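Welcome to a short set of exercises with worked solutions. Please keep the sequence and the 3D view open while you work through them.

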Amino acid sequence: MSVLTESAVGHDELAVLKLLALEGGLEGDVKISCSRLAERLDASNQTASRRLQRLESADLLERDTVSDGQWVAITDTGERALHAEYEDYRRIFETDSQISLEGTITSGMGEGRHYISLPGYQRQFEDRLGYEPFPGTLNVDLREDSVRRRSAMASLEPVPIDGWESDDRTYGPAVCYPATIETADGATYDDAYTIAPERTHHDDDQLEVIAPVKLRDELDLEDGDHVTVSVGDRE
């Protein structure tokens with residue numbers, strides 16, 4: 001989401017959103033007056049009111065005005081906007097080169113087996129990943145907090161897989177990131193990669209992982225099993 005282009009929402013409005021989150025706006029409705037908010041912002045009542053209106057118009061905030069103030073609550077969209085800000089600051093101040101994503105194993109749509117086996121991709125996997133992947137992907141349904149955290153992968157250095165053409169069609173590019181899989185029992189597999197095709201039926205809550213082995217068998221995984229995928233530089 002590009003927060004700064006949503007209904008004139010900018011850094012000033014995000015600062016208001018942060019103040020409301022600190023007041024408890026992520027947990028539910030909190031009551032606030034424009035005069036109190038204006039004091040916190042060192043701004044006029046009109047400015048405070050205008051910023052709340054912009055946040056509401058951008059669906060980052062819900063408001064219910066009463067006689068002595070207003071009840072406000074941060075929406076899911078607002079929470080994602082704050083989390084995006086958090087990820088930016090985390091990249092600035094943290095030196096951890098790995099991102100941990102949690103989720104559960106789910107059955108895929110079967111398209112991974114076909115695409116990974118195509119020769120135009122296979123040659124690049126062998127050259128850039130160092131192996132020929134098992135023909136299929138391990139599909140992970142990410143938890144909500146990990147869906148938000150996934151955006152931090154943009155700060156990592158990917159392994160690019162170029163698009164290519166066959167006689168009858170064009171195949172799109174993809175990006176891979178080194179990954180380690182850990183099961184709930186503590187078993188790990190270190191030589192995996194996440195893969196994100198440019199054209200995919202999966203949403204951000206779906207993570208696909210490849211490896212030279214069938215990860216379901218290697219780690220004794222079934223649908224519904226919990227895993228942690230650590231993405232980034234290997235230790």
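**Exercise 1: A sheet and its helices**

Strands β1 and β3 (residues 69-74) are paired antiparallel, with 3 bridges between them. Keep in mind as you work that this is a predicted model.

Task: Find the bridge partner of I32 in β3, then work out in which order the strands of the open sheet lie.

Solution:
- Step 1. Start at I32 and cross over to β3: the bridge partner there is Q70.
- Step 2. Now look at the whole sheet. It is open, has 3 strands with antiparallel pairing, and its order is β1-β3-β2.
- Step 3. Check the edges: β1 (30-32) and β2 (61-66) are the edge strands, and each of them pairs on one side only.
- Step 4. Look along the sheet to see the turn between neighbouring strands, which is 30° on average, ignoring direction.

Task: Which strands does helix α1 lie across, and which strands does helix α3 touch?

Solution:
- Step 1. Helix α1 (residues 11-22) lies across β1, β2 and β3, and runs at about 95° to β3.
- Step 2. Helix α3 (residues 45-57) packs on the sheet and touches β2 and β3, while its direction makes about 130° with that of β2.

**Exercise 2: Two helices up close**

Task: Compare the reach of α1 and of α3 with the expected span, and list the buried residues of each helix.

Solution:
- Step 1. For α1, count 12 residues; the reach from first to last C-alpha is 16 Å, close to the 16 Å expected at 1.5 Å a residue.
- Step 2. For α3, count 13 residues; here the reach is 18 Å, close to the expected 18 Å.
- Step 3. A residue is called buried when its relative accessible area is under 20%. In α1 this picks out E13, L14, V16, L17, L19, L20 and A21.
- Step 4. In α3, the buried residues are T47, A48, S49, R51, L52 and L55. Their cover includes α1, α2 (34-41), β2 and β3.
- Step 5. Finish with the residues that follow the helices. Just after α1, G24 has a positive phi of about 110°; just after α3, D59 has a positive phi of about 65°.

**Exercise 3: An annotated pair**

Task: Where do the residues that UniProt lists under "binding site" sit, and is N139 buried or exposed?

Solution:
- Step 1. The unreviewed UniProt entry lists T137 and N139 under that name.
- Step 2. Locate T137 in the loop between α6 (119-129) and β5 (138-142). Leaving aside residues up to four places away in sequence, T137 touches G112, I116, I195, E208, V209 and I210.
- Step 3. Move on to N139, which is in strand β5. The side chains of T137 and N139 make a polar contact at 3.2 Å.
- Step 4. N139 has a relative accessible area of 5%, so it counts as buried.

Task: Why is β5 described as largely enclosed, and which strands pair with it?

Solution:
- Step 1. Of the 5 residues of β5, 4 are buried, so the strand is largely enclosed by the rest of the structure.
- Step 2. Strand β4 (residues 98-106) pairs antiparallel with β5 over 4 bridges, and T106 has N139 as its bridge partner in β5.
- Step 3. Strand β11 (residues 206-210) is also joined to β5 by 4 bridges and runs antiparallel to it. Here D141 has Q206 as its bridge partner in β11.

Conventions
Residues numbered from 1 in each chain as written. Predicted model: local features only at pLDDT ≥ 70, side-chain atom pairs only at ≥ 80, totals over all residues. Heavy atoms only, no water. Pairing = 2+ DSSP bridges. Helix = DSSP H or I, 4+ residues; strand = E, 2+ residues; numbered from the N terminus. Axes fitted to C-alpha atoms, helices over the stretch in contact; angles between N-to-C directions. Contact = heavy atoms within 4.5 Å. UniProt positions renumbered as here; feature names shortened; annotations may be inferred. Polar contact = N/O pair within 3.5 Å; in protein donor to acceptor, adjacent residues only side chain to side chain. Buried < 20%, exposed > 50% of the residue type's maximum accessible area, 1.4 Å probe, protein only. Expected span 1.5 Å × (residues − 1).
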